[in-house]
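User: Hi! Could you walk me through this model, mostly charges, cysteines and odd backbone spots?

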Amino acid sequence: EQQFALVFVHVPPTDPSRRDMGKKNKNKGGGAQKPADDEEEEEVVAGVAGVDLSGGAGAAAPFSFTPAKKGETPAAAGSFGFPAGGAGGAPAFSFSTGGSGAPAPPGQFSFNFSNPPPEEGDADDDDGEDDEDDEEEEGDPVEEFMSSLPEPVKNAVVELGTYDDEIEELEKAFRAELRELERKYEAKYAPVFGRRAEVVSGKKKDFADGKKGDGNGVPDFWLRAMHNCMCLSSNITEKDEVILKSLINIESETLPESEGVGFRLTFTFAKNEFFSNEKLTKVYSMADASDDPVLEKAEGTEIEWHEGKNVTVKIKKKKQRNKNGKGTRVVTKTEPCESFFNFFSPPKIPGQDGDDIDQLDEEEFEQRQVELESDYEMGTAFQERIVPHAVKWFTGEAEDDDDDEDYEYDDEELDEEDDEDDEDFDEDPRQRGGGGGGPRARGGGGGHGLLAL
């Protein structure tokens, strides 16, 4: 609502003789001292010298103003203006306040104080409903395109569509046979991996060419192999290292067709003081898709931690004083903390397992996306790199795709962006686990980054 205030200064006609007399008295130092207001009045009069404000006998008022009626806003006033000269003459200069006053006649100067149009946010709710109705009425663009084609062309396109369906069925059969081929070779890998596990654990002491071991195997074999893979190493804490020293084998297998599409990781541990599980598993269930992998679900074993040995949480003790001021008590609170073993409690895909996607704000949604990408990257690192070629990761012979040395940088470009990167670092912390590609995840909502959640 536009409002304004008008201030009018009326300057009465001044007798020049009186003004001169005042000057004489001032020069002589006689008479009463002229008030400050009279001095200001003289300045105003000097500013409008030569302008007749009286209008003359019978002339119209120096200006006209139509005030707002009781209960109306100032913008409801008609207008005010200064006449051109003659009685009843049209205003030479007028202001329109947006009320009922007519616009200035042609050739005259005017200001319009009408209320501005409402902003988009102030629009009626009905407008939003109309937009939604318009969206609902929008048809399928493919159907619209097909309907625009001539009938013979449309028939030909429909026929081509049936061929595409046949191709998709063949692709599906190919993927099924490829998974079967993977299982076939996994069965051939198994004896080799079995012998590897015996050497690492120390069970096998007789080696090729008559060489022998001492029965202690290869200490910290899997821990060192994991440390040489960046996306795994960045998730391992000092507390995790103590437990991972008891890791004696890691296996990967393609899921049987009866269990769906995906793969399973199995981690075997020696007896330790931290948990009672002998084996921890992680299963990635994927959709049977022809393009990028589509993650449907990730599940891990629930770890049976011994009391006080859970490294995925930190315990905080706080003293609380009684409200009456008598005595204190100790309150124990557990909070989640960083640990490799969070890998077995994977994040949920938004919209699944009772997780309401509407309850996530944009920041939480993006954070969940980063967590899912990091988790999947770790899983594929075990499946495709660590398990098949563990010894090369142990020795450092294997090359890490996430290593900075694999990337070429323009030094000048880095120098120019250095300051900007430094400023953004604290505002945009990265999820531990590095970058890299991730799957699309099947769930609700639209796509964000590599994950279409």
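Analyst: Happy to; we can take the topics one at a time.

User: What should I know about the ground rules?

Analyst: This is a predicted model, so local features need pLDDT of at least 70, side-chain atom pairs count only at pLDDT 80 or more, and totals for chains, interfaces and linings use all residues. Residues are numbered from 1 along each chain as its sequence is written, and side-chain values use heavy atoms, with hydrogens and water left out.

User: Great. How many salt bridges are there?

Analyst: The count comes to 15. A salt bridge here is a side-chain nitrogen of Lys or Arg within 4 Å of a carboxyl oxygen of Asp or Glu. In general, side chains of opposite charge can pair when their charged atoms come close.

User: Which residue does K212 pair with?

Analyst: K212 bridges to D206, and their closest N and O atoms are 2.7 Å apart. K212 is exposed at 62% relative accessible area, while D206 is partly exposed at 46%. For those words, buried means under 20% relative accessible area, exposed means over 50%, and partly exposed is in between (1.4 Å probe, protein chains only). The areas themselves come from the Shrake-Rupley method with a 1.4 Å probe, and for residues only the protein chains shown count as cover.

User: And what about K245 and D220?

Analyst: Their side chains also meet in a salt bridge, 3.1 Å from N to O. K245 lies in the loop between helix 8 (238-244) and strand 5 (247-254), and D220 in the loop between helix 5 and helix 6 (221-227), so the pair ties together parts that are 25 residues apart in sequence. Helices (H or I, at least four residues) and strands (E, at least two) are DSSP runs, numbered from the N terminus. K245 is partly exposed at 45%, and D220 is partly exposed too, at 29%.

User: Is R264 buried or exposed in its bridge with E259?

Analyst: R264 counts as buried, with 17% relative accessibility. Its partner E259 is partly exposed at 45%, and the N to O distance of that bridge is 2.6 Å. There is also a network: R175, R179, E180, R183, E257 and D288 are joined by salt bridges that share partners.

User: Switching to the surface, where does negative charge gather?

Analyst: A negative patch on the surface is made of E159, D164, D165, E166, E168, E169 and E171. One of these, D165, sits in helix 5 (residues 151-201) and is partly exposed at 44%.

User: How do you define a patch?

Analyst: Patches take residues with over 30% relative accessible area and no salt bridge; like charges are joined within 9 Å, and nonpolar side chains (Val, Leu, Ile, Met, Phe, Trp, Tyr) within 5 Å. Lys and Arg count as positive and Asp and Glu as negative, while His and the chain ends are not counted. Each charge is placed at NZ of Lys, CZ of Arg, CG of Asp or CD of Glu.

User: Which residues form the nonpolar patch?

Analyst: F174, L178, L181, Y185 and Y189 form it, with about 490 Å² of accessible area together. Y189 is placed in helix 5 and is partly exposed at 43%.

User: Now cysteines. How many disulfides does the structure hold?

Analyst: Zero, where a disulfide is a pair of cysteine sulfur atoms within 2.5 Å. For C229, the nearest cysteine sulfur is that of C231, 4.0 Å away. C229 is buried at 0% relative accessibility, whereas C337 is partly exposed at 22%.

User: Any backbone oddities? Which residues have positive phi?

Analyst: D209 and D220 are two to look at, with phi near 60° for D209 and near 55° for D220. Most residues other than glycine have a negative phi. D209 is in the loop between helix 5 and helix 6 and is exposed at 76%. D220 is found in that loop as well.

User: Last one: what about T312 and E302?

Analyst: T312 is in the loop between strand 8 (294-300) and strand 9 (313-321) and counts as buried at 13%. T312 and E335 are 8.6 Å apart, C-alpha to C-alpha, though 23 residues apart in sequence. E302 is placed in the loop between strand 8 and strand 9 and is exposed at 68%. From E302 to N277, the C-alpha distance is 9.0 Å, with their positions 25 residues apart in sequence numbering.
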